[in-house]
Amino acid sequence: MVDTAATRALRTMDLIPYILENPGISIRELAKQFNVTEKQLEIDLQLVFMCGLPGYTPYELIDLVFEDGVVSIIDPQVLNRPRKFAKSELVVITLGLQILMELNRSNTERLGKLSVLAEKITKLGSSSSVIFSPTGSESPYLEIITQAISQGKRINLTYHSLIKDAITEREVLPHNLYFMNGNLYLSALDLSINSDRVFKVDLIKKCLLGEVASKEAIGSESKSFDIVLQVKKSHRNFIERNSSIISATEEMSDHFMVHIQMSNLEWLKRSILSNAPGIKVVSPTTLVGEVRQLATSLLASYQATKAI
């Protein structure tokens with residue numbers, strides 16, 4: 001998410017009651033809980049020192065202790081309770097819980113906890129805040145996939161690849177299911193090529209539960225890389241489209257520093273080049289070299305074709 005002034009203000013209103021409930025919490029743990037970098041959190045806490053009630057004397061300002069890597073609130077002023085959800089936030093949370101319930105139909109214990117939480121959230125708004133209509137678009141393979149994920153089993157897929165316009169057979173080790181842009185996706189290790197791949201669940205034509213994955217297969221999962229990109233503000237749509245793999249975002253004067261954790265570097269290299277010069281690799285240095293080499297190769301091929 002792009003870190004605007006509005007998101008910082010909302011985060012600050014959530015920070016104060018959270019610190020009150022967890023006095024002496026570390027900067028590192030706070031940054032992890034609020035999905036920001038430690039540097040950004042320190043900036044937020046420095047801003048809190050200047051916040052308070054009208055009058056803005058030391059008696060009306062929020063008082064907190066921020067030293068040696070830990071934080072405690074002495075006087076929260078009026079921010080001693082969590083802020084109420086807006087109607088739009090209630091809708092998003094309720095829809096998210098409904099999605100989680102659909103993904104956990106086979107886990108009765110987890111489904112029960114989600115149902116109780118969904119009921120509590122719904123009661124925070126009016127009875128007509130969220131109305132669900134029945135849908136017949138649910139994949140028939142969700143229960144098999146969730147069972148394979150929870151039990152560490154392989155699954156055999158018959159998959160329709162739109163890129164190749166072909167139906168292929170895949171044996172995969174599933175990692176997780178997630179929603180993006182209204183579609184449900186499966187992230188899994190394709191065992192035939194030992195590489196992570198993403199499958200659109202609607203395009204799965206057949207799905208069979210396999211055997212428990214061996215330690216060798218689990219241990220051979222693709223290595224995850226910590227990647228930092230410099231993204232120009234004119235290319236912020238890259239951040240919005242790929243929010244599911246972005247761990248943190250820092251806003252600078254004319255660009256964003258975007259932190260990503262992923263293993264499919266081939267996809268990332270193609271995406272960076274397709275957005276050039278709007279995206280620049282900061283680290284790791286090996287990826288910088290690979291992108292530069294790929295760009296040079298593509299330019300050479302283009303020049304050779306142009307000369308013919």
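**Figure 1. Contacts of His 160 in the predicted model****.** Leaving aside residues up to four places away in sequence, His 160 touches Asp 165, Ala 166, Ile 167, Leu 203 and Lys 205. His 160 belongs to strand S4, which covers residues 153–161. The relative accessible area of His 160 is 19%; because buried means under 20% relative accessible area, His 160 counts as buried.

**Figure 2. Buried residues of helix H6****.** Helix H6 comprises residues 142–151, and Leu 142, Ile 145, Thr 146 and Ala 148 are buried within this helix. Viewed down the axis of H6, the buried residues lie within an arc of 160 degrees, and therefore they line one face of the helix.

**Figure 3. Gly 152, just after helix H6****.** The backbone of Gly 152 adopts a positive phi of about 65 degrees. Gly 152 directly follows H6, whose residues are 142–151, and strand S4 begins at residue 153. The view thus places Gly 152 together with the helix of Figure 2 and the strand that holds His 160.

**Figure 4. The chain surrounding the close-up views****.** The chain contains 10 helices and 12 strands. Of its 308 residues, 33% count as buried. Among contacts between residues at least 6 apart in sequence, 55% join residues at least 24 apart. The accessible surface of the chain amounts to about 18,900 Å², and carbon and sulfur atoms account for 55% of this area.

Key: Residues numbered from 1 in each chain as written. Predicted model: local features only at pLDDT ≥ 70, side-chain atom pairs only at ≥ 80, totals over all residues. Heavy atoms only, no water. Buried < 20%, exposed > 50% of the residue type's maximum accessible area, 1.4 Å probe, protein only. Helix = DSSP H or I, 4+ residues; strand = E, 2+ residues; numbered from the N terminus. Arc of directions from axis to C-beta. Contact = heavy atoms within 4.5 Å. Areas by Shrake-Rupley, 256 points an atom, 1.4 Å probe, with all protein chains shown as cover.
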